[in-house]
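Welcome! Let us take a friendly look at one sheet and its surroundings.

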Amino acid sequence: MKLPVKILSVDDEMDLELLLTQYFRRKIRKGEYEFFFAHNGLEALTVLLQQKDIDIILSDINMPEMDGLTLLTKINEMQNPALKCIMVSAYGDMGNIRSAMNNGAFDFATKPIDLDDLSVTIEKAIEQIDYIKQAQEEHSQLESLKTDLAVAAEIQQAILPRIFPPFPENEREMDLAALMRPAKDVGGDFYDFFRIDDDHIGMVMADVSGKGIPAAIFMAVSRTLIRTVGLQGGTPGSCLTKSNDLLSKESVDCMFVTVFYGIYNTKTGELDYSNGGHNSPYILKANGQVEMMPTSTDCMVGGIEGIEYHNYKTQLEVGDTLLMYTDGVNEAFNEQWEEYGDQRMQNILEKLNGKSCQEIIEGQLEDVKAFAGNAPQSDDITLMALKRKA
C-alpha cells in the first residue's frame with residue numbers, strides 16, 4: 001500500500017488551512033494526502049524535525065519570525081532532493097519569487113491561490129519526488145551490490161592459495177608461484193595446487209565461461225569439485241572425467257570451464273596431465289628454448305556429460321619451468337584492438353627464461369599491461385609457474 005504524500009503548509013494566514021483541507025478532503029479521506037500546518041519558518045522547522053518524511057512544503061514568502069526565503073535556505077541545507085518546495089507570494093512580488101526559484105524552489109503559486117492550479121503543481125511535484133525516490137532506491141541497491149561484490153572479491157581471492165613458497169619441505173626441489181587478476185570485481189579464472197602424497201602435487205589452471213557473479217560462483221564450485229576429486233587420487237584424465245560428469249549435471253545456462261590439470265612428481269620431474277580445452281602451457285627449458293606443449297584435443301569441462309579425458313606425460317628437466325595461464329594473457333587487446341598474441345608471449349618468455357617463478361609471472365603480467373596501455377582489461381589474467389630446481 002502506497003504511503004500518503006505528506007504536505008507541510010507554512011503560512012501565517014489561518015484561513016489557508018481550512019481552504020486546503022476542504023479542497024483536498026477526498027484525497028485526505030482516501031489516505032493519498034496528509035497535511036501538516038505551520039505559521040512561520042520556525043514552526044515549519046519544528047514540524048520537519050518531528051516529521052522527517054515530509055514530501056512537499058507549500059510556503060508563503062512573507063511571514064513573521066522566519067520568512068519563506070530563509071526557510072528555503074534551511075531546507076536546502078538538509079540536502080534532500082526528494083523534498084520539494086512550492087513558494088507562495090503576492091502576484092506583484094516577482095522579485096522574491098524569482099529569488100526563490102533561483103535558490104531551488106520547485107515551483108510557485110501566487111495569491112489569491114488558484115487551488116485547481118495548485119493541485120496540478122502538487123501532482124507535478126509528486127511525479128518528481130517518485131522519480132527521485134526510485135533513483136535513490138536504485139542507487140542504494142547499487143551501493144549494496146558494490147559492497148557485496150567487494151566482499152565476494154575478497155572471498156574469491158581468499159579461497160585461492162596465497163602462501164608462497166607453498167611447500168617449504170620441497171623448496172630445494174621446486175619453485176612455485178601464481179597470481180590471478182580479475183578484469184572486474186570478481187572473476188571466473190582460478191588456479192590451485194595441493195599435495196596428493198609425499199611425492200606428488202596436483203596443479204590446476206582453469207577459466208570459467210562468462211563473466212561476473214555467475215562465473216565467480218561456478219568458479220568456486222569447479223575449484224572445490226576438482227580439488228576434492230583430485231585429492232582422491234587417480235590420473236588427471238580420470239579426475240577431469242569425473243569432474244565433468246558432476247559439473248554437467250549441475251550446469252546452469254550451459255556454463256563450462258576449461259581446465260589444465262597436472263600431477264607433478266617432485267622427485268623425478270615427471271608431469272602427468274590432462275587438458276580439458278585449456279590453453280597449452282609453455283615449457284621454459286634450461287637450455288634457453290621456450291616450447292608450447294601440444295594443443296588439447298579434449299573439450300571443456302562441465303559442458304557435455306560422458307566424455308573421457310586423455311592422459312599425457314612430459315618431463316621437466318632440472319632448470320625447466322612450466323608456465324600455465326589463461327587466455328586473458330594471450331588474448332589481451334590494446335587501444336588499437338590489436339591482440340597480444342602467442343608470438344609476443346613467446347618472445348617475453350624467452351627473455352624471462354632462467355628467472356624465478358615469481359619474476360616470470362610478474363614479468364609476463366607487466367608486458368601485457370605495457371602492451372594494453374590504457375585499454376581496459378577485457379578478461380581475467382591468471383598465471384602459475386612451476387620450476388624444477390633439482
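## A pair of facing residues

In this predicted model, Tyr-282 sits opposite Leu-323, a residue of strand 14. Another facing pair involves Leu-284, which stands opposite Thr-321 in strand 14. These pairs belong to the meeting of strand 11 (residues 282-284) with strand 14 (residues 321-325), an antiparallel pairing over three bridges.

Leu-323 also has a partner in strand 15, where it stands opposite Ala-385. Strands 14 and 15 run antiparallel and are joined by five bridges.

## The whole sheet

Stepping back, the sheet is open and has five strands in the order 6-15-14-11-12, with antiparallel pairing. Which strands lie at the edges? They are strand 6 (174-181) and strand 12 (290-292), each pairing on one side only. On average, neighbouring strands of this sheet are turned by 15 degrees against each other, direction ignored.

## Helices on the sheet

Two helices deserve a look here. Helix 10 (residues 341-352) packs on the sheet and touches strand 11, strand 12 and strand 14. The direction of helix 10 makes about 20 degrees with that of strand 11.

Helix 11 (residues 357-372) packs on the sheet too, touching strand 6, strand 11, strand 14 and strand 15 (381-388). Its direction makes about 150 degrees with that of strand 15.

## Inside strand 14

Is strand 14 mostly covered or mostly uncovered? It is mostly covered, with five of its five residues buried. In a regular strand, side chains alternate between the two faces of the sheet. Here, Thr-321, Leu-323 and Tyr-325 point one way, while Leu-322 and Met-324 point the other way.

Technical notes:
Residues are numbered from 1 along each chain as its sequence is written. This is a predicted model: local features need pLDDT of at least 70, side-chain atom pairs count only at pLDDT 80 or more; totals for chains, interfaces and linings use all residues. Side-chain values use heavy atoms; hydrogens and water are left out. Two strands pair if DSSP finds at least two bridges between them. Helices (H or I, at least four residues) and strands (E, at least two) are DSSP runs, numbered from the N terminus. Axes are lines fitted to C-alpha atoms, for helices over the stretch in contact, and angles run from 0 to 180 degrees between N-to-C directions. Contact means heavy atoms within 4.5 Å. Buried means under 20% relative accessible area, exposed over 50%, partly exposed in between (1.4 Å probe, protein chains only).
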